Amino acid sequence: MGRRVARVVVAGLGRRRSNLPKLLQTIFAFESDRCLIQRFNLSDEEGPVREGRMNTLQEIERGRRGRRLARVRTSLIGLATCAAISACAVAPGMRMTAPATLPVSNADSRAPGDEIKIPIADINLSLIKQMHDSAADDGAQEAKELFDKPGAYRLGTGDVLQITVWDHPELATALGTQTQTNTRPSDPVPGFVVDSEGNVQFPYVGNVPLAGLRIEDAQARLAQRLAQVFVKPQVTLRIASFRAKQVYVDGEVHTPGAQPINDIPMTLYEAINRAGGFNPTADQSRIVLVRDGASYSLNLSQMLERGINPANVVLKGGDMLRVMSRDDNGVFVMGEVNRPATALPMKSGRLTLSDALSQAGSLNTSSADAAQVYVIRGSFDKTPKVFHLDATSPISMILANQFELQPKDIVYVDGNGLVRFSRVLNLLLPAINAGLTAAIVTK
C-alpha cells in the first residue's frame, strides 16, 4: 500500500523524476495498513512549484484524516447504540416486571433467597364487581354485630339521685345545700350517690341496693323500704347526674372527650353529634369502635348507600369511638405522573384510581406507558396483591373511576421503552463526546 501512495505522490510532482531524490524526502508510518505522511521537504523547488506541491499533499492528508475520523465517529456511535440497547435492561429507575416477586430472606453463597410470587390481576368489570360485593358484605356484617334495640336506662355506680319524699320536709336536708357551686365538671351535684357496691344510703332505711334497676323500679323499691317507717309514703326519684356510663369519642370531631350515657339512647349518630360533629379532615368511611378488646370498622358512607340506618348501632358504657383522619388514609402515586404525591380520600372516604391519578396531575404524556398502570396493595399483609390497568384507551377510565383504592395503596405508572432508551443514551453521551474529542486531538 505504501508503494501505491508513493506512485501517487510522484505522479503529482510532475515530469522531473530525475531530481526526485533531491526534491522529496518522505517518511511513511504504517499502522493497521494505513499510511500517514509525516513530513515532506521540497526545499529545492522553486517557490510557486513548491507551494502547489505542498497544497496537493495537504489536501490528500486532510482527506485521509476526515475519512479516519468519520470511521471512528461511526464506530463509536455504533458501539454506543449497541450498548444503549443492551443497557435498557439495567436502565436507571423503577419498572414493573412479570412475574412480580417479593424477597423473603437474603441469598448467600450456599442457598438462594426465598421469594414470594405476587399474582398480577387485570382490572376489569368482573373484578370490580367482585371487590364491591365483598367489601359491602364485610361492612354490613360488622355493623349488624353492633345492632341493638335501645333500652331504658339502668342505674349504676356513680349516678347521683335526687329523692323527694312528699309531706316529709325533714328528709330534704339530707340532699345537702342546693346552692353549692361546682368548681370542676367532675364534681357531683348535690344528691344521693350510688356507691361502689350499688347501694344508696337513705335516712331511716339505711343502704338500699338500686344499681342495675330502671328508674321506676328503683323508686318502687325505695318506697317499699320507707313504708316500714312511714304510712304510704309518696316517693319521687330522678337522676340528677349521669356518671355511671360513658363512651369516649376521639379523633376528627370538634369536641373529643367523654360523653356520658343518659336516658337518651347513645347511638352512633348521637355520639358524633354530642362531640360536635365531624371535622373537615374526617374520613367518614373509617370509624373504629373498640368494645371489650375487639375493634369494629364502620363505614358510615357505605351504610347510608345500602340503606342501613347508623342509629341502629347502639353504644355501651366503656366503648371507644375513633374517627380516622383522611391524612392517615392516603394513597401514594408515583412513577411517570406529572406530580407524584399522596392522594387523599374525599370527605366520604372514597378514593378511586381516577381520583388518585387526577390529584397527581394525570399521566405524563411524554414519558408514561399508559398500558402499564399498577396498583400495589397489602404492604402490611402477608399476601400482597398487584392490579394492572391498561389505560391506553380513554374508555379505560370508566374502570379506573370504579376501582376503589384502600389506605396505603401504591399507584405506579411505568415508563415506556423509548424513554428508558433515551435515559440510557443521556448517560452514555458524555462518554461518547469525550471519546470523539480525544480522537480529534490525537489524529
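**Exercise 1. A hairpin**

Task: Work out in which sense strand β13 and strand β14 pair, and over how many bridges.

Solution: Start with the ranges: β13 covers residues 282-291 and β14 covers residues 294-298. Strands here are DSSP runs of E with at least two residues, helices are runs of H or I with at least four, and both are numbered from the N terminus. Two strands count as paired if DSSP finds at least two bridges between them. For β13 and β14 the pairing is antiparallel, over five bridges. Next, pick out partners: Val-290 has Ser-295 in β14 as its bridge partner, and Arg-291 stands opposite Ala-294 in β14. Finally, look at the turn: the two strands form a hairpin with two residues between them, and Asp-292 in that turn has a positive phi of about 55°.

A word on the ground rules before we go on. This is a predicted model, where local features need pLDDT of at least 70, side-chain atom pairs count only at pLDDT 80 or more, and totals for chains, interfaces and linings use all residues. Residues are numbered from 1 along each chain as its sequence is written, and side-chain values use heavy atoms, with hydrogens and water left out.

**Exercise 2. The five-stranded sheet**

Task: Find the strand order of the open sheet of five strands, and name its edge strands.

Solution: Reading across, the order is β12-β11-β15-β13-β14, and the pairing is mixed. The edge strands are β12 (257-260) and β14, since each pairs on one side only. Neighbouring strands of this sheet are turned by 25° against each other on average, direction ignored. For such angles, axes are lines fitted to C-alpha atoms (for helices over the stretch in contact), and angles run from 0 to 180 degrees between N-to-C directions.

**Exercise 3. A surface patch**

Task: Which residues join Tyr-248 in a nonpolar patch on the surface?

Solution: First locate Tyr-248, which is found in strand β11 (residues 246-251). Then check its exposure: Tyr-248 is partly exposed, with a relative accessible area of 39%. The classes are buried (under 20%), exposed (over 50%) and partly exposed in between, with a 1.4 Å probe and protein chains only. The partners of Tyr-248 are Val-290 and Met-320, and the three have about 240 Å² of accessible area together. Areas come from the Shrake-Rupley method with a 1.4 Å probe; for residues, only the protein chains shown count as cover. Patch members need over 30% relative accessible area and no salt bridge; like charges are joined within 9 Å, nonpolar side chains (Val, Leu, Ile, Met, Phe, Trp, Tyr) within 5 Å. A salt bridge is a side-chain nitrogen of Lys or Arg within 4 Å of a carboxyl oxygen of Asp or Glu.

**Exercise 4. Positive phi in loops**

Task: Where is Asp-167 found, and where is the place of Lys-408?

Solution: Most residues other than glycine have a negative phi. Asp-167, with a positive phi near 70°, is found in the loop between β6 (160-165) and β7 (192-193). Asp-167 is exposed, at a relative accessible area of 74%. Lys-408 also has a positive phi, near 70°, and its place is in the loop between α9 (397-402) and β20 (410-415). Lys-408 is partly exposed, at 31%.

**Exercise 5. The six-stranded sheet**

Task: What is the strand order in the open sheet of six strands?

Solution: The order is β5-β19-β18-β20-β16-β17, with mixed pairing. Its edge strands are β5 (120-122) and β17 (341-343).
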